[in-house]
Amino acid sequence: MLRRENAFRGRKRKKGRRNSTAVPDDIHEDYVHPTVYIGAAVALGFIGFFGFTMNLMVAAVIVKDAQNLWTPVNVVLVNLVVGDFLVAALGNPVAMVSAITGGWYWGYKVCLWYAWFMSTLGFASIGNLTVMAVERWLLVARPMRALSIRTAMILAFFVWIYALCLSLPPLVGWGSYGPEAGNVSCSVSWEVHDPVTKSESYIGFLFTFGLVIPVIVISSSYLAIILTLRKVKKRTGARGRRETKITKMVALMITAFLIAWSPYAALALAAQYFDAKPSASMAVLPALLAKSSICYNPIIYAGLNSQFPRSLKKIFDIRSPRSMLPDSQNTALTVLNRQEQRN
């Protein structure tokens, strides 16, 4: 631990030289222009603001209107948005301050715990998305074995156990955490080849259980869903149409997450196994794209879930034009809405 802290301080001293007015020729490739830090701070500010407000809104609406929205898939979704909310509330401000000050501001111990915290939430995200894909597969292809709300809550709990199993090893000596390129934030030390911490085996473990296996499970689940829907041609009734729409919504969430994280994962793999050394300024971009993933899920959920706008209006007592109709028509529409929700 002491050796890693000394290495961290060495990087901090080097970072200080990079940000000086006169930049030596031998470290030009690591120099980060102040404009990059300003851009990163602005991007992190937007990501944090929208991630905070939208994830909080989605979680609040689902919990407030639990009578209509508390379904197995939404139990896991709340688990997902809570994690994304914590990233926005606790993680982004730390990185944003570092971007504003032109490098990691908080010291070695905060770097270590920040990296662990953010890694845990990242692994929990892909764990939740994997559970959502399996839930959709069971509902569509094996409806008699579909998840109950209680089972969904148990799986949501085990997602955090899974995430901790992936993120805790560097705290006990297997792998390591440290500053990312540009020193805006901290994460797994992807570029380190350290026989003492066995960093190569730890990173192999991360990619196997934190990326490859979840992607295989997600892909297999959706392949089975597609094959099942082709066999039955078309799901009939309001319930079938709604479940198909939710299945598409989950697929879009997974796609958005993978698109956001793929450049970061590719850069990490290249740094560890192919000795890739992109400039610090370029390496900041994949990290920012990955952090932006916390904004996509609430937008997708609010846009594709027809019940969400109704629940939002109900919670905030927003009256629709229907309330202006005569009482007899209003009553008839209310009855139809309730029948649609039950279906």
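This section describes helix faces, the nonpolar core, a cavity and several loop residues in a predicted model.

Helix α6 spans residues 149–167 and holds 19 residues. From its first C-alpha to its last, α6 reaches 27 Å, close to the 27 Å expected at 1.5 Å a residue. Its buried residues are A152, A156, V159, A163, L166 and S167. These cover an arc of only 85 degrees around the axis, which puts them on the same side of α6. An α-helix has 3.6 residues a turn, so residues three or four places apart point the same way. On the other side of α6, R150 and F157 are exposed. The cover over the buried residues of α6 includes two preceding elements, α4 (72–101) and α5 (108–141). It also includes β1 (177–179) and α7 (199–232).

The largest nonpolar core comprises 77 residues. Within this core, L77, M132, W190, V250, M253 and Y301 touch the most other members. Helix α5 gives the most to the core, with 16 residues. The contacts of V250 were examined further. Not counting residues up to four places away in sequence, V250 touches V73, M132, A133, R136 and Y222. M132 thus appears both among the contacts of V250 and among the core members that touch the most others.

The structure holds one cavity of 30 Å³ or more. The volume of the largest cavity is about 60 Å³. Its lining includes E180, A181, V184 and S185. A283, V284, A287, L288 and K291 also line this cavity.

Residues K64 and D65 adjoin the end of helix α2. K64 is found in α2, whereas D65 lies in the loop between α2 (34–64) and α3 (66–69). Their accessibilities fall into opposite classes. K64 counts as exposed, at 66% relative accessibility. D65 is buried, with a relative accessible area of 4%; the cut-off for buried is under 20%. Leaving aside neighbours within four places in sequence, D65 is in contact with W70, Q307, S311, K314 and I315. I315 also lies 7.3 Å from K64 in space, C-alpha to C-alpha. In sequence, K64 and I315 are 251 residues apart.

Several of these partners belong to helix α11, which covers residues 307–315. In α11, Q307, F308 and S311 are buried. Seen down the helix axis, the buried residues of α11 fall within an arc of 95 degrees, so they line one face of the helix. Q307 and S311 are among the buried residues of α11 and are also in contact with D65. Just after α11, D317 takes a positive phi of about 55 degrees.

Backbone angles were also considered in two loops. Most residues other than glycine have a negative phi. N183 has a positive phi, near 60 degrees. This residue lies in the loop between β1 and β2 (186–188). N183 is buried, with a relative accessible area of 4%. K198 likewise has a positive phi, near 50 degrees. Its place is in the loop between β2 and α7. At 53% relative accessibility, K198 counts as exposed; the cut-off for exposed is over 50%. The two loop residues therefore fall on opposite sides of the burial scale, with N183 buried and K198 exposed.

Notes
Residues numbered from 1 in each chain as written. Predicted model: local features only at pLDDT ≥ 70, side-chain atom pairs only at ≥ 80, totals over all residues. Heavy atoms only, no water. Helix = DSSP H or I, 4+ residues; strand = E, 2+ residues; numbered from the N terminus. Expected span 1.5 Å × (residues − 1). Buried < 20%, exposed > 50% of the residue type's maximum accessible area, 1.4 Å probe, protein only. Arc of directions from axis to C-beta. Contact = heavy atoms within 4.5 Å. Core = buried A, V, L, I, M, F, W, Y, C linked by side-chain atoms within 4.5 Å. 1 Å grid on protein atoms, 1.4 Å probe; cavity = no way out; pocket = protein on both sides within 12 Å on 5 of 7 lines; lining within 4 Å. Points joined across faces, edges and corners; volume = space filled by probe spheres on them.
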